[in-house]
Amino acid sequence: MRKQIKGTRILFPILLRQHRLRLLLWLAGLVLVTCFVAYAYPEMYPDQASREAYSITMENPAMIAMLGIGYEHYQEIGSLFALEMLLFSAIAVAVMNILLMSKLTRDDEENGILELVQSRSVGRLSYLTASFMVMLSVNILFVILLAAAMGSMQIEGFGFTGVVLYSGLLGSFGLLFGTMTAFFAHFVTSSRGTSVLSFAALFFFYLLRAVGDVNVVFLSWISPLGWLSRAYVFVENNVFPIGLLLVSSLGLGTLAFILQSKRDIGDGLLPERAGSVHASAFLKTKVGLVMRLQKTMIFMWTIGILLLNIVFALILGDLEAFFLENEAMQAFLTGEGSVMEQFIILLMGIMALFITAPVIISFLRLRGEEKANRTELVFSRAVSRMQLLKAYLIPSILIAVLLPILQAVALWSAGAAVSEDMMSFSDVLGASMVYIPALLLVLGMAVLFIGWLPRAASLVWLFLVYGFIVIYLGDILELPDWVRSLSIYEHVPVYPSEELSYAALLILCGISVFLLFIGAMGYKRRDIEG
Amino acid sequence: MTVLQLDRVTKKFGDFQALDQVSMELNKGEIYGFIGPNGAGKSTTIRILLGMLKATDGRATIFGKDAWKDAAEIHKRCAYVPGDVYVWPNLTGGEVIDVLLKMNGSYSEKKRDEWVERFQFDPTKKARSYSKGNRQKIALIAAFASEADLFILDEPTSGLDPLMEHTFQQGLREVKEAGKTVLLSSHILSEVEKLCDRVAIIRKGKIIERGTLNDLRHLTRMQMQVETRESPEGLAKLSGVHQLEEERGQFTFQADTDHMEEIIDYLNKYGVRKMESTPPTLEDLFMRHYEERSSEENA
Ligand SMILES: Nc1ncnc2c1ncn2[C@@H]1O[C@H](COP(=O)(O)OP(=O)(O)OP(=O)(O)O)[C@@H](O)[C@H]1O
Ligand SMILES: [Mg+2]
């Protein structure tokens, strides 16, 4: 055993240094956002009446599907906070761990770093051990930082045991997903494949829990995300979910180590098919090539977004029943239109953010290809800058236009199947499609970056992150209007509850075309790196 | 007829001057060697020719067209092979070759298959699993199988085994026979020596020497080995003689080519028994150039 992990002590600090900046930013972001939100809670729900109102809102199936099961009583302010924050913070921590571990395992293997290290007097399991140590340290550090920060704020209703448990849950959830990523890394041969598998698992567990929490309880017990809310943190403070998370991490971790010691370097356990000798006619077109390179990504996102819509559509019936039973609830409906309409409008707002992701990913691949030195060979053929740019724009535009339409179809047909008075198809379609110009605007921004500031291209993601913060935390943090209006998505007209403003849509479209044009000019003029 | 022309091309990356007034002309049907140490600016020159980098100053033209503005047009008749070939990991080698060929319009399947055969390339595997040499073959096959009039090759054989290297050289000769033009940047000087009609040497972004191999040789020294009846006193003092050494009556030295006549006249007086002269290899030329330059710089 000793022999197997020889050299770990040298590798660990190197790997840690490699990733420290990114990790520190992640940790700082997670801790700060959590603390801000926690700080805001006591003021938002100052008295028992407002907490009861909150509990009624949270009992509705849509909320349960989105955020998990609620608590019996909301005596402790912390429990309100936990219901709203625990699940999504856990997802954020998992994302951090997935990105970290797929870099530390498959990515380093793919880039030949592992081979180089392995050629020295270093044990077969050392690299993986060091990677695990990095991941473990990050999660432990996160737990300590978060517990210390939240604890020191001494907010009323946030008992210290609860704070520690809350942090511990997040840390162990991160650990589980880091471990799971290391486990998946053995099956495919690319880091992209590794993170795709891990994200798919995370998403799958989310859906499982959503269905489970609303209807079929045992499904929630299969999903690690379902365990989190069973801790009833800040009220009952059950520790066993942490136990479950740690035990499953241990199991998966052991498997990951066993597989590592058995597998050849560079190999994946899933079989690779022998490929075709000739390219198909579709692949030989430029757009075809780009689509082929992105097909897994596009497929995964499409399936994910459609499933999410279907899951939410299935609870529409429950949602209505719930509102009919609770007459008191009617008072809390602030916006115009029926419950279902308001819910669908909110849902479409959130889904627009999700759809932004594949649009950005798809287009930024152009930059990824350049960084991987793969555009050089393309431009050495009779392909102009504009032709390649166009070949990348077409799939992104198709995603931005077709996904909203598809999701409307999915949402409406599933909704119509379970609920008698589903909104009209044209209204659902409209509610979804109003976001297309905003999606195109973000795409325009991406083109602008690729054209003029390619090195900073990933900053485009900030538009998405910011949009998410505004929608999800805007009310909690009481962001002023001008701060909200910095988010592109806030400029989308609310349809169907308000009159459709074509002017606003046209302005958004106009700006996107303008950005696209300026960006393309930059791309035409600049040096190509590789 | 001039196929490719660089006219005082300068390239700056920020403050760093990568190319300084590089000029070069390739005539139709010739193989032009382009050599220089690491980081001298060969790839940068080639990327300007390919329209990937914009020259800070000067003009690059191919087939009389501007290399930057008309890049896509020019590339229809142009093939490029880089030293490190990066291709899409989840396509097969065969698919990549087809995709690259198709980007230039129609192509001959027969020619493609012929070159796949000649390079003994297995096109069924995913590109991620190919070795460096095999990835290079992808670009070489796509180049040789296309209807190009100009080949721009940047260390195209750095990963090939000797057998494949031979196939490559054979291919290049056929290309030349067909009247096509080749720009070959390479660190394998024997390859350049064997194939190239003319050579340019670049160093720190400047062309420091250019011409046919013979021209270049004239600028330098022959390696001489002489045995004479009597010991040639004073040979060392003769101008044009360098690094004279004696071993059991055998004299070895280097002789400046422009002093060759005097040296031979002088030696004849001592009764030459045996004389051998070897022209400097490109490698000697190359080394000499850098040694001299660096000693000049140090002085
Ligand atoms: N994008 C860039 N930004 C800054 N400097 C660059 C860039 N590209 C190349 N250089 C610098 O320009 C110089 C010339 O590089 P180039 O790649 O042309 O050398 P080369 O002659 O091809 O060398 P080699 O034989 O190693 O391939 C190097 O010093 C390199 O560091
Ligand atoms: Mg080079």
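1. Let me start with the two domains of chain A, bearing in mind that this is a predicted model. Domain 1 of chain A and domain 2 of chain A bury about 2200 Å² between them, and carbon and sulfur atoms give 84% of that area. The assignment places domain 1 of chain A at residues 1-268 and domain 2 of chain A at 283-530, with C-alpha centres 27 Å apart. Their contact draws on 29 residues from domain 1 of chain A and 21 residues from domain 2 of chain A.

2. Next, the interface between the chains. How much area is buried between chain B and chain A? The figure is about 3500 Å², and here carbon and sulfur atoms give 55%. In terms of residues, chain B brings 42 to the contact and chain A brings 35. If you want names to look for on the chain B side, try Met52(B), Trp88(B) and Met103(B): this trio supplies 20% of the area that chain B buries against chain A, more than any other three residues.

3. Chain B also comes as two domains, with domain 1 of chain B covering 2-216 and domain 2 of chain B covering 221-279. The C-alpha centres of these two domains of chain B lie 42 Å apart.

4. Now for ligand 1, which has 13 residues around it. Which of them come nearest? They are Gly39(B), Lys42(B), Ser43(B), Thr44(B) and His187(B). By class, the shell holds five nonpolar, six polar and two charged residues.

5. Three polar contacts to oxygen atoms of the ligand deserve a look in your viewer. Thr44(B) places a polar side-chain atom 2.5 Å from an oxygen atom of ligand 1. His187(B) likewise uses a polar side-chain atom, at 2.7 Å from a ligand 1 oxygen atom. With Gly39(B), a polar backbone atom is involved, lying 2.8 Å from an oxygen atom of ligand 1. As for cover, ligand 1 taken alone exposes 640 Å², and the protein buries 62% of that.

6. Which elements give two or more residues to this shell? In chain B they are strand E2 (16-27) and helix H1 (42-49). H1(B) gives the most, with three residues.

7. Back in chain A, two backbone details may interest you if you check torsions. The peptide bond from Tyr495(A) to Pro496(A) is cis, and its omega is near 5°. Pro496(A) sits in the loop that joins helix H21 (481-484) to helix H22 (502-525) of chain A.

8. The other detail concerns Gln154(A). What is the sign of its phi, given that Gln154(A) is not a glycine? The phi of Gln154(A) is positive, at about 45°. You will find Gln154(A) in the loop between helix H6 (126-153) and helix H7 (160-184) of chain A.

Conventions: Residues are numbered from 1 along each chain as its sequence is written. Chains are lettered from A and ligands numbered from 1 in the order in which they are written. This is a predicted model: local features need pLDDT of at least 70, side-chain atom pairs count only at pLDDT 80 or more; totals for chains, interfaces and linings use all residues. Side-chain values use heavy atoms; hydrogens and water are left out. Domain bounds come from an automatic or database domain assignment. A residue is near a molecule or strand if one of its heavy atoms lies within 4 Å of it. A polar contact is a pair of N or O atoms within 3.5 Å; within protein, one must be able to donate a hydrogen and the other to accept it, and residues adjacent in sequence count only if both atoms are side-chain atoms. Accessible areas come from the Shrake-Rupley method with a 1.4 Å probe; for residues, only the protein chains shown count as cover. Helices (H or I, at least four residues) and strands (E, at least two) are DSSP runs, numbered from the N terminus. Ala, Val, Leu, Ile, Met, Phe, Trp, Tyr, Cys and Pro count as nonpolar, Asp, Glu, Lys and Arg as charged, and the others, Gly among them, as polar. Contact means heavy atoms within 4.5 Å. Buried area is the accessible area (1.4 Å probe) that two parts lose on being put together, summed over both.
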